[in-house]
Amino acid sequence: DWEHKLNKKVRSLGLQVAMSQKLREGNLSVVDGLDLTSYKTKDLNTKLGGFGWSSLLLVDGDDSHTKATSTTNFNKAFKNLQNSRSTELCVLPTAGLNVYDIMKKEHLVLTEAAVEAIIARFSKKQNTRFWEK
């Protein structure tokens, strides 16, 4: 068993450092949302292809894209795009955000909902004792 556990503070700091590095490199973008007007894979491909990113991590504050029952236009276009595109594309909810995926991909794209969720995640007290609640 090669599993290595880290404290919450260390994991939080790692995420902050990784996102700060992407920001310094100019490889972090924030978008309004992941909604598309049509479910066509071609529309999503042209939207993402216009930026010229070779690998991309999309982080959404809502985990609806990970559920099989979701039928939004983005989900339909993304499902087909995974198999047909040469660019590495990964979509995660904020709960699944980790340092490895951030550093593995060239560009990090966050939705506004993801930014709010990440801020809420980092602004929580790390060392709250039961008598200080």
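Let's start with one small detail: the side chain of Asn27 reaches the backbone oxygen of Glu106 at 3.4 Å. Keep in mind as we go that this is a predicted model. Where does Asn27 sit? You'll find it in the loop between α1 (8–25) and β1 (28–31). Setting aside its neighbours within four places in sequence, Asn27 is in contact with Lys22, Glu106, His107 and Leu108. Is Asn27 buried or exposed? Its relative accessible area is 18%, and since buried means under 20%, Asn27 counts as buried.

Now step back and take in the whole chain. It has five helices and four strands, and if you read along the sequence they follow the pattern α-β-α-β-α-β-α-β-α. Of the 133 residues, 33% count as buried. The chain exposes about 9100 Å², with carbon and sulfur atoms supplying 52% of that. As for contacts with a separation of 6 or more, 86% of them link residues 24 or more positions apart.

Next, the strands. They form an open sheet of four, in the order β1-β4-β2-β3, with parallel pairing. β1 and β3 stand at the edges with a single partner strand each, so one side of each has no neighbour in the sheet. Neighbouring strands here are turned by 20° against each other on average, ignoring direction.

Let's walk across that sheet. β1 and β4 pair in the parallel sense over four bridges, and Val30 stands opposite Leu110 in β4. Moving on, four bridges join β4 (residues 107–111) to β2, again running parallel; here Leu56 has His107 as its bridge partner. You've met His107 already, as one of the contacts of Asn27. Finally, β2 pairs with β3 (residues 88–93) in the parallel sense over six bridges, and Leu58 has Val91 as its bridge partner in β3.

Strand β2 deserves a closer look. How many of its residues are buried? Six of the six, residues 55–60, so β2 is largely enclosed by the rest of the structure. In a regular strand, side chains alternate between the two faces of the sheet. Both faces of β2 are covered: Ser55, Leu57 and Val59 are buried on one side, and Leu56, Leu58 and Asp60 are buried on the other.

One last piece to find is helix α5 (residues 112–123). Which strands does α5 lie across? They are β1, β2 and β4, and α5 runs at about 90° to β4.

Methods
Residues are numbered from 1 along each chain as its sequence is written. This is a predicted model: local features need pLDDT of at least 70, side-chain atom pairs count only at pLDDT 80 or more; totals for chains, interfaces and linings use all residues. Side-chain values use heavy atoms; hydrogens and water are left out. Helices (H or I, at least four residues) and strands (E, at least two) are DSSP runs, numbered from the N terminus. Buried means under 20% relative accessible area, exposed over 50%, partly exposed in between (1.4 Å probe, protein chains only). Contact means heavy atoms within 4.5 Å. Accessible areas come from the Shrake-Rupley method with a 1.4 Å probe; for residues, only the protein chains shown count as cover. A polar contact is a pair of N or O atoms within 3.5 Å; within protein, one must be able to donate a hydrogen and the other to accept it, and residues adjacent in sequence count only if both atoms are side-chain atoms. Two strands pair if DSSP finds at least two bridges between them. Axes are lines fitted to C-alpha atoms, for helices over the stretch in contact, and angles run from 0 to 180 degrees between N-to-C directions.
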